[in-house]
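Here are my notes on this one, in the order I'd go through them with you. Have the viewer open as you read.

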Amino acid sequence: MPIAFNEPLSFLQRITEYMEHVYLIHRASCQPQPLERMQSVAAFAVSAVASQWERTGKPFNPLLGETYELIREDLGFRFISEQVSHHPPISAFHSEGLNHDFLFHGSIYPKLKFWGKSVEAEPRGTITLELLKHNEAYTWTNPTCCVHNVIIGKLWIEQYGTVEILNHRTGHKCVLHFKPCGLFGKELHKVEGHIQDKNKKKLFVIYGKWTECLWGIDPVSYESFKKQERRGDHLRKAKLDDSSGKADSDVADDVPVAQETVQVIPGSKLLWRINTRPPNSAQIWPARRRSGWRRNREKRGGSGPGRRRSGRRGGSTQAITPTLGPPTGCMQGITLSGISPTAQISTEGLEGPGAQDRRLTRLDFLEWPL
């Protein structure tokens, strides 16, 4: 697989981006009512996949036994992840609040399907959030991720599927529907769902976009607004001509144009909004990673990737300060314990003459897909 399809991050580093909006967990821990806590937990579950927006690059596969640790005292958590299986690839993680207010742990085991023009990653493995103050445990599974135009055309990504978040103590459940883009892209990035009690009575409606924000409102106001919207759509509905079909195997999927913002229903409550990204991050980041690989190749005089492993094989990696961070706000500008882009591998038993020739690079362990 060409290295240009990868971004200079280990998958273990990529998992830490789940914690970018960790303030939602702290807010949930402070809420007195289970319905309010579920609202914040649902917002956190959606925000955990928000960093994948415009991130079409594949992270590097970690080695079996590799670990990665991140401590953010300013955000109040510590995080550690480990590659616990290589075939199939399974990554496990554990995080806890520095104030002992929550535990967040789980595993990621994606089931991949190749559809010719796209690659679909169906997540397997349960994610658990424990609010220790309330003795509550919430579990859910991430939505399906799909990358389009892997052969020809411009890459673009979408999330779809149903996510069910269950409060095992009170029986409250949040059902979120990540909608596919549809034929004309009107549903791209949209999320809709509701919170219900143990008797399946709807208590709260949630809507928004996983790339932008999430809002909530009571079910009566939501249904009233939807009825008025459907009545207006019926009056101005026009017939569309779908006779211009495309060959499925020869033509790339057009990148749908997403709506600029979410239509907010009057009386709604803002649950979450994504952190602001650096300007032009989607265009600058790939250029920076390619130029970094090119410089590293020229320094070594070789043709392999500009990355070397750090730490012992099967052990934890050494603490470094990366020069390039991901385009999200969780890990930028801090000292991490992780992968050094230019560090060389040090393994037990590789000493004496010829040891330099037995160094390993990520290409030795690279696979597509994860």
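1. How exposed is Arg 169? Bear in mind that this is a predicted model. Arg 169 comes out as partly exposed, at 47% relative accessible area. Its side chain meets that of Glu 136 in a salt bridge, with N to O at 3.0 Å. Glu 136, on the other hand, counts as buried, at 2% relative accessibility. Arg 169 sits in the loop between β12 and β13 (173–178) and Glu 136 in strand β10 (residues 136–140), so this pair ties together parts that are 33 residues apart in sequence.

2. Other salt bridges are worth a look too, since the whole structure has eleven. Glu 192 pairs with Lys 226, their closest N and O atoms being 3.9 Å apart. Because Glu 192 lies in strand β14 (residues 190–196) and Lys 226 in helix α4 (residues 219–235), the pair links parts 34 residues apart in sequence. Both Glu 192 and Lys 226 are buried. Through shared partners, salt bridges join Lys 179, Glu 187, Glu 192, Lys 226 and Glu 229 into one network.

3. Within that network, Glu 187 and Lys 179 meet through their side chains at 3.6 Å, N to O. Glu 187 is partly exposed at 27% relative accessibility, and Lys 179 is also partly exposed, with a relative accessible area of 24%.

4. On to the nonpolar side. The largest nonpolar core has 46 residues, and Phe 104, Trp 140, Ile 165 and Leu 176 touch the most other members. Helix α3 (residues 34–47) gives the largest share of this core, seven residues. Try clicking on Ile 165: beyond its neighbours within four places in sequence, its contacts include Met 38, Val 41, Ala 42, Ala 45, Trp 140 and Leu 176. There is also a second, separate core of nine residues, among them Cys 213, Ile 217, Val 262 and Ile 265.

5. In soluble globular proteins, nonpolar side chains tend to be buried together. Against that background, have a look at Phe 114, Ile 151 and Ile 152, which form a nonpolar patch on the surface with about 320 Å² of accessible area together. Ile 151 is in the loop between β11 (144–148) and β12 (156–167) and is exposed, at 59% relative accessible area.

6. How many disulfides does the structure hold? Zero. For Cys 145, the closest cysteine sulfur is in Cys 146, 7.3 Å away, which is too far for a bond. Cys 145 counts as buried at 15% relative accessibility, whereas Cys 30 counts as exposed at 62%.

Definitions and conventions:
Residues numbered from 1 in each chain as written. Predicted model: local features only at pLDDT ≥ 70, side-chain atom pairs only at ≥ 80, totals over all residues. Heavy atoms only, no water. Core = buried A, V, L, I, M, F, W, Y, C linked by side-chain atoms within 4.5 Å. Buried < 20%, exposed > 50% of the residue type's maximum accessible area, 1.4 Å probe, protein only. Helix = DSSP H or I, 4+ residues; strand = E, 2+ residues; numbered from the N terminus. Contact = heavy atoms within 4.5 Å. Patch = residues over 30% accessible without salt bridge, like charges linked within 9 Å, V, L, I, M, F, W, Y side chains within 5 Å. Areas by Shrake-Rupley, 256 points an atom, 1.4 Å probe, with all protein chains shown as cover. Salt bridge = Lys/Arg side-chain N within 4 Å of Asp/Glu carboxyl O. Disulfide = S-S within 2.5 Å.
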